[in-house]
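Before turning to the details, please take a moment with the sequence and the model shown here. The paragraphs that follow go from one polar contact to the helices around it, and then to the chain as a whole.

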Amino acid sequence: MSTRTLAAIVCGLIFGAGLAISDMINPGRVLAFLDVAGSWDPSLAFGALIPSALALLPTNRRGNAVLFGLNSSRALVGWRQTDLAQAAGLSEMSVKNIERRVTDSRMSTMQAIRSALEATGVILIDENGEGPGVRLRKKG
């Protein structure tokens, strides 16, 4: 079983536990939560959102190939942060913050970076049991 599959199962279990703990499986309670014009019960938001947020923590902490290999990838093709930012359609500050890991980027931002790097011949190797990595595509 891959780590991605295992993570999906664990996240599903945590989310399901959040539903049960918050009593979101009770139709009357769900209807009270959805009745914002009447006697609204906001407690379900906390019971479902907190476990969901906890389930996402491990996925945000694990290194992916783009984040792991950003400095290495730039070095392989001789790019500065400004070069990567321009190629990916981002601000230089965004690239700096991502490299320093002071911000969690959207998937679309990480995909733009990945596409820009792959267009130069960089191969980003995702987690495969031995860790993420970076290499250059063979010419020819």
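A polar contact, as the term is used here, is a pair of N or O atoms within 3.5 Å, where, within protein, one atom must be able to donate a hydrogen and the other to accept it. With that cut-off in mind, and remembering that this is a predicted model, one can begin at E99, a residue found in helix 7. The side chains of E99 and Q81 are joined by a polar contact of 2.6 Å, and the side chain of R74 likewise makes a polar contact with the side chain of E99, at 2.6 Å. E99 has a relative accessible area of 16% and is therefore buried, because buried means under 20% relative accessible area. If residues up to four places away in sequence are not counted, E99 touches L70, N71, R74 and Q81.

R74, the partner just mentioned, has its place in helix 5, which spans residues 70–77. With a relative accessible area of 13%, R74 is buried. Leaving aside its neighbours within four places in sequence, R74 is in contact with W79, R80, Q81, L84 and E99, so that Q81 appears in the contact list of R74 as well as in that of E99.

Q81 leads on to the packing of two helices. Helix 6 (residues 81–88) and helix 7 (residues 92–100) pack with their axes 8 Å apart and at an angle of about 115°, which makes helix 6 roughly perpendicular to helix 7. The crossing in which helix 6 passes helix 7 is right-handed. On the side of helix 6 the contact is made by Q81, T82, L84 and A85, and on the side of helix 7 by E92, V95, K96 and E99. Sorted by class, the residues of this contact of helix 6 with helix 7 are 3 nonpolar, 2 polar and 3 charged.

Helix 6 also packs against helix 8 (residues 107–119), where the two axes come within 8 Å and cross at roughly 105°. Helix 6 and helix 8 are therefore roughly perpendicular to each other. What residues meet in helix 6 and helix 8? From helix 6 come L84, A87 and A88, and from helix 8 come A112, I113, A116 and L117. The contact of helix 6 with helix 8 is made up of 7 nonpolar residues, with no polar and no charged ones, whereas the contact of helix 6 with helix 7 has 3 charged residues. L84 takes part in the contact with helix 7 and in the contact with helix 8, and L84 is also listed among the residues in contact with R74.

Another residue of helix 8 to look at is M110, which counts as buried at 10% relative accessibility. Although M110 and A88 are 22 residues apart along the chain, their C-alpha atoms are separated by 9.2 Å.

These helices can now be placed within the chain. The secondary structure of the protein chain comes to 8 helices and 2 strands, and from the N terminus on the elements run α-α-α-α-α-α-α-α-β-β. Of the 140 residues in the protein chain, 24% are buried. Among contacts between residues at least 6 apart in sequence, 46% join residues that are at least 24 apart.

How values were computed
Residues numbered from 1 in each chain as written. Predicted model: local features only at pLDDT ≥ 70, side-chain atom pairs only at ≥ 80, totals over all residues. Heavy atoms only, no water. Axes fitted to C-alpha atoms, helices over the stretch in contact; angles between N-to-C directions. Helix = DSSP H or I, 4+ residues; strand = E, 2+ residues; numbered from the N terminus. Parallel < 35°, antiparallel > 145°, perpendicular 65-115°, else oblique. Left-handed = near helix turned anticlockwise from the far one by under 90°. Contact = heavy atoms within 4.5 Å. Nonpolar A, V, L, I, M, F, W, Y, C, P; charged D, E, K, R; others polar. Buried < 20%, exposed > 50% of the residue type's maximum accessible area, 1.4 Å probe, protein only.
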